[in-house]
Amino acid sequence: MANITFPFPFPVILPVLPEIIVAVMAMVILIWDLFLPAERKQWTAYAAIATCLVAIDATLRTTGADAQMAFYGQFVLDPFAGFTKLLIIGATIYGIVLSLDYMKSEKNIGEYYSLMLFSMLGMMLMVSATNFIIMYLGLELMALCLYVLVGYQRDVLRSSEAALKYFILGSLASCMLLYGISFLYGLSGSLDFAAVGQALGSLGDNSSMAVSLGLVFIIAGMAFKVSLAPFHMWTPDAYEGAPTPITAFMGVAPKVAGFAILARVVIDALPSLQADYVTIFSWLAVLSMAVGNIAAIAQRNIKRMLAYSTIGHVGFILLGLIAGGPEGYSAMLVYLAVYLFMNMGAFAIIILMRREGIQGELLDDFAGMSKVRPGYALAMGLFMFSLAGIPFLGGFWAKYAVLIAAVHAGHLYLALIGILFSAVGAFYYIRVVKYIYFDEERVAFDFSENPLMQATVAVTAIVVVAIGIFPQPLMDICRAALGGIV
Amino acid sequence: MLEAAFFYLFGGLAVVAALGVVMARNTIHSVMFLIFCFFNASGLFFMLDAEFLGIILILIYVGAVMVMFMFVIMMLEVNFARLREGFLQYLPIGGAIAVMLLIELIAAATSGVFSSKTASTVEHFGREVNNTMEIGKVLYTKYLLGFEIAAIILLVALVGAVVLTLRSRKDAKYQVISKQVKVRKEDRLRKVEM
């Protein structure tokens, strides 16, 4: 026998407590579902929401002002990870609440909610990763659940098609990411972000082709996951085909996680390549803003329109990453937080409009909504104005923060392009408002009357307005959340 | 010298086999080439003294994954001729990207940043190192978190596959054992007047 010493040093697990709770509960729900009679399957959803609330509590309790390392420094819980985790869990709660009515008639809903929790778990691990292995595994866990969730309505052809496209392109992107990581590993001999950063810093010659290739492959892989143009091709199809609550969920949560880990990678692992990645990001941002805002104009399906809108918005969020520094990164977090509420609100209205057989997905379906349901019409109007960035709603401050950060960092031309495309984008958002308020009713409305959903819409609308009037608290929180990394 | 010769042998054959995977007209031949490619890759692992990884590659990829590939290909009956229709149409742009990438990869490989000290296998020759045990130690200590996440990923893959494919079919004939046990003579037997 060789000299194996027991016990191994037991890893620190307190910082991982929220993840452990989520993982255990997701498995418990998976099994509990088997013993529930068919009419009580809905309980799994409430259990999933309860899990999320407990996870929020655990995250708030465990996150301190300092970074806490766990698992031999491969996992970190700092204010940045804590804040982004709260956003991810918040997006998941929204996704579950929106699913309550929508998925009621589907089969296997226990697995549905448990897969959402697993996906959330993947994202939570991702934002806490300080090692490429953990980052990649978290990413795959998140993506694998999303592939299944997108194709959940297997009898709907476009749902299966969307899932297959998403899966194949997603696997390709994962390969690129891994290939890029392998380059950096070959150069530095380590997978820890900090060690890679040090090795690249001491390399001196960063113009080397090997470094550039590693950087490009990693950026390409990550750009796919957050649907930055030109890696956005899957987005409209996947958004349209997925069940609408999943569209809402994957429009926000993976973006939060993707940008959080991208920020961590560029700060910790690639600081010596700043000039290179800023150049690449600038092109990606301009392309995303252009594709997102121009292509959205031609869409008649509101889910496709919001897919292109997402592409446009991630372009703006990337501006924060390009600007860098405390101001840029906190602007990125502000944008992600505000985007969470705007996007979820808009999708909640779409889901409320779902009728028997017909889903409120075409723009025409919104015609004349203000006369039938002035409350919903007002909320949808607020969300659209906020997405467009009309002053004194949440979306305005989000755009303001990233644009100001870009200007301060010396990227004046990028900010100007951003403002230009923001004006282009305002057209199609306001067109929805025009349908709602100025067109005649074309189809009979029949809204689902779920009080929980209505409360969600009301709260979301209030939050969007409140952030618009008092943006300072959110900006302060986001600035404080950077304590751990900048 | 001998090591270099074997490296080029395995590496070269792996590249040839990989080309065969994409070029072969018959899908089964593609799978065979892929198996051959895996064998060569495992040879490379052996040369790095990573015999555990080499064996695992053969056992899992050749033994399990490729068998499943075979099943899928034989059961799905995909019309691969139709899949190839756009081949010439996409060849110019795809080929251009491939050539560009090849040039970049060669430039990266020859740029000297992958220094010989990391590539050398000689330094741990003659040391008492048990490959399998070292991997086990690292896997259950330093990479414990990653190991656990990988386990959850496998669980999700399992659940996902079941969720997407499990459909109760109306025409399927299920065996209900409780009914079979409870059945009485009167239910099945019928007296017929002769």
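# Why is it called that? Two chains in question

Mentor: Read along the sequence, chain B runs α-α-α-α-α-α-α-α-α-α. This is a predicted model, where local features need pLDDT of at least 70 and side-chain atom pairs 80 or more, while totals for chains, interfaces and linings use all residues. Residues are numbered from 1 along each chain as its sequence is written, chains are lettered from A and ligands numbered from 1 in the order written, and side-chain values use heavy atoms, without hydrogens and water.

Trainee: What makes a stretch a helix or a strand here?

Mentor: Both are DSSP runs numbered from the N terminus: H or I over at least four residues for a helix, E over at least two for a strand. Counted that way, chain B has ten helices and zero strands, and chain A has 19 helices and two strands.

Trainee: How do you know whether the radius of gyration of chain A agrees with that of a compact globule?

Mentor: The radius is taken over C-alpha atoms, and the globule rule is 2.2 Å times the number of residues to the power 0.38. For 486 residues that gives a value near 23 Å, and chain A has 22 Å, so the two agree. Along the principal axes, its C-alpha atoms fill a box of roughly 75 × 60 × 40 Å.

Trainee: Why is M305(A) called buried?

Mentor: Buried means under 20% relative accessible area, exposed means over 50%, and partly exposed is in between (1.4 Å probe, protein chains only). M305(A) has 0% relative accessibility, so it counts as buried. Over whole chains, buried residues make up 63% of the 486 residues in chain A and 20% of the 194 residues in chain B.

Trainee: And what does M305(A) touch?

Mentor: Contact means heavy atoms within 4.5 Å. Not counting residues up to four places away in sequence, the partners of M305(A) include L363(A), M384(A), Y428(A) and V432(A). M305(A) sits in helix α12 of chain A.

Trainee: How do you know how helix α12 and helix α15 of chain A are placed against each other?

Mentor: Two packed helices are described by the angle and the distance between their axes. Each axis is a line fitted to C-alpha atoms over the stretch in contact, and angles run from 0 to 180 degrees between N-to-C directions. The axes of α12 (residues 302-323) and α15 (residues 374-388) come within 12 Å and cross at roughly 35 degrees. From α12(A), I302(A), M305(A), L306(A) and H313(A) meet M380(A), M384(A) and L387(A) of α15(A). By class, that makes six nonpolar, one polar and no charged residues.

Trainee: What makes a residue nonpolar, polar or charged in that tally?

Mentor: Ala, Val, Leu, Ile, Met, Phe, Trp, Tyr, Cys and Pro are nonpolar, Asp, Glu, Lys and Arg are charged, and the others, Gly among them, are polar.

Trainee: How many aromatic pairs are there over all chains, and which kind is Y94(A) with F341(A)?

Mentor: Rings of Phe, Tyr and Trp (its six-membered ring) pair if their centres lie within 6.5 Å; planes under 30 degrees apart are stacked, over 60 edge-to-face, the rest tilted. The count comes to 23 pairs over all chains. Y94(A) and F341(A) have 6.3 Å between centres and 80 degrees between planes, which makes the pair edge-to-face. Y94(A) in helix α3 (residues 79-102) and F341(A) in helix α13 (residues 325-352) of chain A are 247 residues apart. Y94(A) itself is buried, at a relative accessible area of 11%.

Trainee: Which kind of pair do F38(B) and Y61(B) form?

Mentor: Their centres are 5.1 Å apart and their planes stand at 55 degrees, so the pair is tilted. It links helix α2 (residues 27-47) and helix α3 (residues 51-76) of chain B, with F38(B) and Y61(B) 23 residues apart.

Trainee: Are F38(B) and Y61(B) buried or partly exposed?

Mentor: F38(B), with a relative accessible area of 18%, is buried. Y61(B), with 37%, is partly exposed.

Trainee: Why do the two serines, S288(A) and S114(A), get the label they get?

Mentor: S288(A) has 0% relative accessibility, so it counts as buried. S288(A) is in helix α11 (residues 274-295) and touches, among others, L228(A), I311(A) and G315(A). S114(A), in helix α4 (residues 109-127) of chain A, is buried with a relative accessible area of 0%. Leaving aside neighbours within four places, S114(A) contacts A26(A), I29(A) and L30(A).
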